[in-house]
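Below are some notes on the model you sent round. They are set out as numbered points, to be read with the structure open.

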Amino acid sequence: MSDCIFCKIVAGEIPSKKVFEDDLVYAFHDIHPLRPTHILLIPKRHITSLAHVGVEDEPVLGRMLAVAHEIAAKNGSVDGFRAIINTGRIGGQEVPHLHLHIVGGGQPVGPMLTKVQ
Ligand code: AMP
Ligand code: ZN
């Protein structure tokens, strides 16, 4: 996708602070970190969201879940982390390239969600 900012990051056309890369995935620091550890882990190939995946995407989705703990531990979250995938309008997704937020640090991340009345 030529106009996708995360595709441009994978291609090196937009700078990023890379922390991990392999044949399927790329990980970099979130530009506006919400916790001391805040990494984005993305498929190298453009996938718009978790609502756009099929069985052909199982290898990359599995890779993302399999490498997340190592990325968290190597970037300051050694005792666990939270993995978040915002999806579509309801999920509050802002960047339309599938990404797994890896958030953590030295303190617990906090409550999962606050209840909407
Ligand atoms: P989401 O709301 O789940 O789509 O999250 C998008 C995330 O991408 C936000 O946390 C942004 O801070 C982050 N972000 C947007 N542009 C960049 C960029 N160029 N480099 C790093 N992170 C970015
Ligand atoms: Zn993309």
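**Notes on the model**

1. His-97 is a convenient place to begin: its relative accessible area is 0%, so it counts as buried. Note that this is a predicted model. His-97 sits in the loop between helix 3 and strand 5. A polar atom of its side chain lies 2.8 Å from the backbone oxygen of Pro-43.

2. Which atoms hold the zinc ion (ligand 2)? The donors are SG of Cys-4, SG of Cys-7, ND1 of His-46 and ND1 of His-97, at 2.1 to 2.3 Å. The angles among the four donor atoms run from 105 to 118°, and the site is tetrahedral. For four donors, that label requires all angles to lie between 85 and 135 degrees.

3. Along the chain, the zinc donors are spaced as C-x2-C-x38-H-x50-H. Cys-4 belongs to the segment before helix 1 (5-11), whereas His-97 is in the loop between helix 3 (88-91) and strand 5 (100-104), so this pair ties together parts that are 93 residues apart in sequence. Cys-4, like His-97, is buried: the relative accessible area is 5% for Cys-4 and 0% for His-97.

4. Ligand 1 is surrounded by 16 residues, and the closest of them are Asp-30, Asn-86, Glu-94, His-99 and His-101. For His-101, an N or O atom of the side chain is 2.8 Å from an oxygen atom of ligand 1. Two backbone contacts can be added. A nitrogen atom of ligand 1 lies 3.1 Å from a backbone N or O atom of Ile-31, and an oxygen atom of ligand 1 lies 3.4 Å from a backbone N or O atom of Gly-92. How much of ligand 1 does the protein bury? Ligand 1 exposes 510 Å² when taken alone, and the protein buries 84% of that area.

5. On the overall fold, the protein chain contains three helices and five strands. Their order along the sequence is α-β-β-β-α-β-α-β. The radius of gyration is 14 Å, close to the 13 Å given by the globule rule for 117 residues, so the protein chain is as compact as a globular protein of that length. The C-alpha trace spans about 35 × 35 × 25 Å along its principal axes. Buried residues make up 34% of the 117 in the protein chain.

6. Is His-52 buried or exposed? Neither label applies, because its relative accessibility of 48% makes it partly exposed; the exposed class begins over 50%. His-52 is found in the loop between strand 3 (37-43) and helix 2 (58-74). From the C-alpha atom of His-52 to that of Gly-88 the separation is 9.9 Å, with their positions 36 residues apart along the chain.

7. Thr-114 lies in the segment after strand 5. With a relative accessible area of 69%, Thr-114 is exposed. Thr-114 is 27 residues from Thr-87 in sequence, and their C-alpha atoms are 18 Å apart in space.

8. To return to the metal site: two cysteines, Cys-4 and Cys-7, and two histidines, His-46 and His-97, coordinate the zinc ion (ligand 2). Of these residues, Cys-4 is buried at 5% relative accessible area, and His-97 is buried at 0%.

Note on methods. Residues are numbered from 1 along each chain as its sequence is written. Chains are lettered from A and ligands numbered from 1 in the order in which they are written. This is a predicted model: local features need pLDDT of at least 70, side-chain atom pairs count only at pLDDT 80 or more; totals for chains, interfaces and linings use all residues. Side-chain values use heavy atoms; hydrogens and water are left out. Donors are N, O and S atoms within 2.8 Å of the metal (3.2 Å for Na, K and Ca); water is not among the atoms, so sites may look incomplete. Four donors count as tetrahedral if all angles lie between 85 and 135 degrees; four count as square planar and six as octahedral if opposite donors are over 155 degrees apart and all others between 65 and 115; anything else is irregular. Helices (H or I, at least four residues) and strands (E, at least two) are DSSP runs, numbered from the N terminus. Buried means under 20% relative accessible area, exposed over 50%, partly exposed in between (1.4 Å probe, protein chains only). A residue is near a molecule or strand if one of its heavy atoms lies within 4 Å of it. A polar contact is a pair of N or O atoms within 3.5 Å; within protein, one must be able to donate a hydrogen and the other to accept it, and residues adjacent in sequence count only if both atoms are side-chain atoms. Accessible areas come from the Shrake-Rupley method with a 1.4 Å probe; for residues, only the protein chains shown count as cover. The radius of gyration is taken over C-alpha atoms; the globule rule is 2.2 Å times the number of residues to the power 0.38.
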